Amino acid sequence: MTDSVIHNTLTFTQPFTQAEKQLLTPEAIDFLHTLVARFAPERERLLKARQQRQQRYDQGALPDFDSETASIRNRDWQVRPIPQLLRDRRVEITGPPDRKMVINALNANVNVFMADFEDSLAPTWQKLMDGQLTLRDAVKDTLSFTSEAGKIYQLKSDPALLMCRVRGLHLNEKHVEWRDRAIPGGLFDFALYLFHNVDALLEKGHAPWFYLPKTEHASEVAWWREIFRFSEDRFDLPRGTIKATVLIETLPAVFQMDEILWELRDHVVGLNCGRWDYIFSYIKTLAQHGDRILPDRQQISMDQPFLDAYSRLLIKTCHRRGALAMGGMSALIPSKDAERNAWVMQKVQEDKAREAGNGHDGTWVAHPGLADIAMAEFDRQLGEQPNQLHVSRDQDAPITAERLLRPCRGLRTEAGMRANIRVALQYLEAWIGGNGCVPIDGLMEDAATAEIARTSIWQWIHHKQILSDGQLVTTELFERLLDEEMQALQQTLGEERCRSGRFADAAALMAQITTDDELVSFLTLPGYRLLP
Ligand SMILES: CC(=O)SCCNC(=O)CCNC(=O)[C@H](O)C(C)(C)COP(=O)(O)OP(=O)(O)OC[C@H]1O[C@@H](n2cnc3c(N)ncnc32)[C@H](O)[C@@H]1OP(=O)(O)O
Ligand SMILES: O=CC(=O)O
Ligand SMILES: [Mg+2]
């Protein structure tokens, strides 16, 4: 065995196992190679443009609607009609492409399962490969799993529809290099999923359906459009076969929704309110704006004016253009404690009722135990209709940039700061250990929610915030609280768990990204260096 595999001008940094050889066939690699050679250079330019926009925000500018694309916003046009199968997406479950979880998700009482290579996956090579193999088996309807206790998991006869969320533009796949540079992670996920599943999907009347995360500008979905078109031609697919739902989960993107739908009009079926990354992006984009600092995370609920405006503008924009307006995720997950569980169910129900009432066409759940409650709320609102495309929201007053950027009221407290530290620390420990989604204190925590936790603290330190009890937030206060929370975790989890886990690495990373002068753009970038 050699140490690396060179195929054409792609270099794989390690030899393939027998299982990986099923995915990394010469033909699949050829396709990946072609995509990388054609599209990787443009991705560099798109990332540079992100940096340049951020520099302007850091110098005091605020995101706004682009006057140069006003004609796209003002003209009447619609996206290509939504395929029949995708017109009713009232409940979607999400989760990493872990074998047991994929079966449970596809068997849940939902319309769609979004298999996630982004927020909920720590992209180790092993997880990526297992995830792709799992999805290939799911598409072929041969997926099964036997737990250590001997429980057998199999797909039901009418599983949910499958969508694949590829990694965001910023993430690399370091195990594959082209011209001595790591290739774009999203392109790797896309190429393998498409190559191995397109025939089987089409055979059963489905198609390659994707979720595109963390877009910041319409030019980024134009990049994906060219990849979709090229792939359709390569596989002799009619134009518009490949479909995508675009997450609107960055602050700059909320000002670009018409432009995003326009650029991707042959392929897009909807936009989605990725509320957690959106909150993170609000903090990051406005990192230097001392008058727009967010309070404790617990107070940043969807009824805050800036988030309510975001949800309503997304619905209004989508419905005018004939696209679905998907809602987002409550982070609450079921509890074994009956009293807490009743409270969780009530909160999730309220959240789904708000989304359905606003006019969303569907929503997300993080756990199968929440599917029925979400389904009931959307059934109540939608009735026999597959969606709410007829809800125009034309009666609303225009949603302005001021409203979308409006500062969020609420307190900054020591308890809130400690909670942020606990979440970020435990999440980073899980992530660098290869687990990208974990329950912490009754909440689903993934890369997006952890980003809120760590960037909040950075911003509070950077802008010398005063907590509700009068304490000044400083690096020293953060370091003391980090130390205390580490000790508290040792008490709760036990010395052994803390010693054998990756807490020392997690605490070091946390300290570094929280006290750096520059706000690190994604925790997964330095984190990825620690992943195998
Ligand atoms: C901000 C965003 O990007 S949101 C999208 C990304 N985030 C996600 O997708 C979150 C997905 N959710 C999860 O990963 C999980 O629900 C967690 C980690 C939060 C909790 O998982 P667990 O600790 O396993 O929960 P719990 O023990 O209650 O699970 C009970 C059962 O439900 C299953 N389950 C839990 N969540 C899911 C899910 N999302 N999909 C399918 N099955 C699930 C478990 O596998 C388990 O199955 P089993 O009884 O057959 O063993
Ligand atoms: O991806 C979803 C989010 O809320 O972030
Ligand atoms: Mg997200």
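The following exchange goes through the domains, ligand surroundings and one sheet of a predicted model.

Student: How do you know that ligand 1 lies between the two domains?

Tutor: The protein is divided into domain 1 (11–279 + 323–333) and domain 2 (414–528). Both domains give residues to the shell around ligand 1, so ligand 1 lies between them.

Student: What makes a residue part of that shell, and which residues come nearest?

Tutor: The C-beta atom, placed from the backbone, has to lie within 6 Å of the ligand. There are 23 residues around ligand 1, and Thr94, Gly95, Asn104, Asp119 and Cys437 come nearest.

Student: Which element gives the most to the shell around ligand 1?

Tutor: Helix α4 does, with four residues. β3 (91–95), α4 (99–107) and β15 (438–440) each supply at least two. By class, the shell around ligand 1 divides into 14 nonpolar, five polar and four charged residues.

Student: What makes up the surroundings of ligand 2?

Tutor: The residues are Asp119, Leu247, Glu249, Gly274, Arg275, Trp276, Asp277, Gly328, Met329 and Ala448. α10 gives the largest share of this shell, three residues, and both α10 and β13 (324–329) supply at least two.

Student: Why are four of the residues around ligand 2 classed as charged?

Tutor: Asp, Glu, Lys and Arg count as charged. The list around ligand 2 includes Asp119, Glu249, Arg275 and Asp277, so these are the four charged residues, beside four nonpolar and two polar ones.

Student: How do you know that domain 1 and domain 2 touch, and how far apart are their C-alpha centres?

Tutor: The C-alpha centres lie 28 Å apart. The contact takes 17 residues from domain 1 and 19 residues from domain 2. Contact here requires C-beta atoms within 7 Å, so the domains touch through these residues. On the side of domain 1, helix α10 (residues 275–285) gives the largest share, three residues. That side has nine nonpolar, four polar and four charged residues.

Student: Why are β2 and β8 called paired strands?

Tutor: Pairing needs at least two bridges. Strand β2 (residues 10–12) and strand β8 (residues 172–178) have three bridges in the antiparallel sense, so they qualify. Phenylalanine 12 stands opposite valine 176 in β8.

Student: What makes β1 and β9 edge strands?

Tutor: The open sheet has four strands in the order β1-β2-β8-β9, with antiparallel pairing. β1 (5–7) and β9 (181–184) each have a single partner strand, so one side of each is left without a neighbour in the sheet. From one strand to the next, the twist averages 45 degrees.

Notes
Residues numbered from 1 in each chain as written. Chains lettered and ligands numbered in written order. Predicted model: local features only at pLDDT ≥ 70, side-chain atom pairs only at ≥ 80, totals over all residues. Domains from an automatic or database assignment. Axes fitted to C-alpha atoms, helices over the stretch in contact; angles between N-to-C directions. Contact = placed C-beta atoms within 7 Å.
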